[in-house]
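Dear colleague,

I am handing over the structure that I have been reading, and I would be glad if you kept it open beside this message. Below it I set out what was found.

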Amino acid sequence: FDTNLEWIKIIGSYTNQLTPEQILFPFSKIRAYKILEKNYGINPHYLRHVRITHLVRDYELHPEEIKTIAGWSNLLPLENYSHLKAKDAARKL
């Protein structure tokens, strides 16, 4: 992909079709790594950040729900994984 913006649009289009219960991609992490790294030069771990942000922003899931979905034992990773902007927070006002 020429730009990160193009990549984000493609992933955003895909994630907008998912419900919170759905798996982001229905194949193993190792398979994802091979596909993304080989074809696009992207680390699949980036997709975890995209999905967590998507669940917080678009579905307004509670942090405890995110913790359960992500498989975390506490909420400390949430700050690093959800990449929200001020306009996302303003939508809730």
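To begin with the empty space, the largest pocket in this predicted model holds about 540 Å³. Its wall is made by 20 residues, and those nearest to the centre of the pocket are Ile23, Leu24, Phe25, Leu47 and Arg48. Two or more lining residues are given by each of helix 2 (29-40), helix 3 (45-59) and helix 4 (63-70), and helix 3 supplies the largest share, with 6 residues. If you sort the lining by class, you will find 12 nonpolar residues, together with 4 polar and 4 charged ones.

It may help to step back to the whole chain before looking at single residues. The protein chain has 6 helices and 0 strands, so that, read from the N terminus, the order of its elements is α-α-α-α-α-α. Of its 93 residues, 30% are buried. When contacts between residues at least 6 apart in sequence are considered, 54% of them join residues that are at least 24 apart.

A word of care about confidence belongs here. The mean pLDDT of the chain is 79, with 84% of the residues at 70 or more, but the value is not even along the chain: helix 4 has the highest mean, at 90, whereas helix 6 (residues 86-90) has the lowest, at 56. Where pLDDT is low, the predicted coordinates should not be read in detail.

Now to helix 3, where three residues deserve a slow look.

The residue Arg51 belongs to helix 3. Is Arg51 buried or exposed? Arg51 counts as buried because its relative accessibility is 7%, which is under the 20% cut-off. Beyond its neighbours within four places in sequence, Arg51 is in contact with Thr15, Leu18, Thr19, Pro20, Gln22 and Leu24. For Gln22 there is also a polar detail, since a polar atom of the Arg51 side chain lies 3.1 Å from the backbone oxygen of Gln22. In another direction along the chain, Ser82 is 31 residues away from Arg51, and the C-alpha atoms of these two are separated by 8.6 Å.

The other two residues, His49 and Thr53, can be read together. His49 is part of helix 3, and so is Thr53. Thr53 is buried because its relative accessibility is 7%, and His49 is buried as well, because its value is 17%. What lies 2.9 Å from a polar atom of the side chain of Thr53? The backbone oxygen of His49 is found at that distance. The side chain of His49, for its part, reaches the backbone oxygen of Asn80 at 3.4 Å.

Just after this helix comes Glu60, which sits in the loop between helix 3 and helix 4. Glu60 is not a glycine, and yet its phi is positive, at about 50°. With a relative accessible area of 47%, Glu60 is partly exposed, because that value falls between the 20% and 50% cut-offs.

Moving on to helix 4, you will find Ile66 there, and this residue is buried, because its relative accessibility is 0%. Which residues does Ile66 touch, once those up to four places away in sequence are not counted? The contacts are Ile52, Leu55, Val56, Leu61, Trp72 and Leu78. Thr53, met above, is 13 residues from Ile66 along the chain, with 9.7 Å between their C-alpha atoms.

Last comes Pro20, whose place is in the loop between helix 1 (4-15) and helix 2. Pro20 counts as buried because its relative accessible area is 18%. Leaving aside neighbours within four places in sequence, its contacts are Arg51, Leu55, Tyr59, Leu61 and Ile69. Tyr59 stands 39 residues away from Pro20 along the chain, while their C-alpha atoms are separated by 7.4 Å. The contact with Arg51 brings you back to helix 3, so you may like to trace that pair in the viewer, starting from the buried side chain of Arg51 and its contact with Pro20.

With good wishes for your reading,

A colleague

Notes
Residues are numbered from 1 along each chain as its sequence is written. This is a predicted model: local features need pLDDT of at least 70, side-chain atom pairs count only at pLDDT 80 or more; totals for chains, interfaces and linings use all residues. Side-chain values use heavy atoms; hydrogens and water are left out. On a 1 Å grid over the protein atoms alone, a cavity is a set of points where a 1.4 Å probe fits but cannot get out, and a pocket is an open set with protein on both sides within 12 Å along at least five of seven lines; lining residues have an atom within 4 Å of a point. Grid points are joined across faces, edges and corners, and a volume is the space filled by probe spheres set on the points. Helices (H or I, at least four residues) and strands (E, at least two) are DSSP runs, numbered from the N terminus. Ala, Val, Leu, Ile, Met, Phe, Trp, Tyr, Cys and Pro count as nonpolar, Asp, Glu, Lys and Arg as charged, and the others, Gly among them, as polar. Buried means under 20% relative accessible area, exposed over 50%, partly exposed in between (1.4 Å probe, protein chains only). Contact means heavy atoms within 4.5 Å. A polar contact is a pair of N or O atoms within 3.5 Å; within protein, one must be able to donate a hydrogen and the other to accept it, and residues adjacent in sequence count only if both atoms are side-chain atoms. pLDDT is the predictor's confidence in each residue, from 0 to 100.
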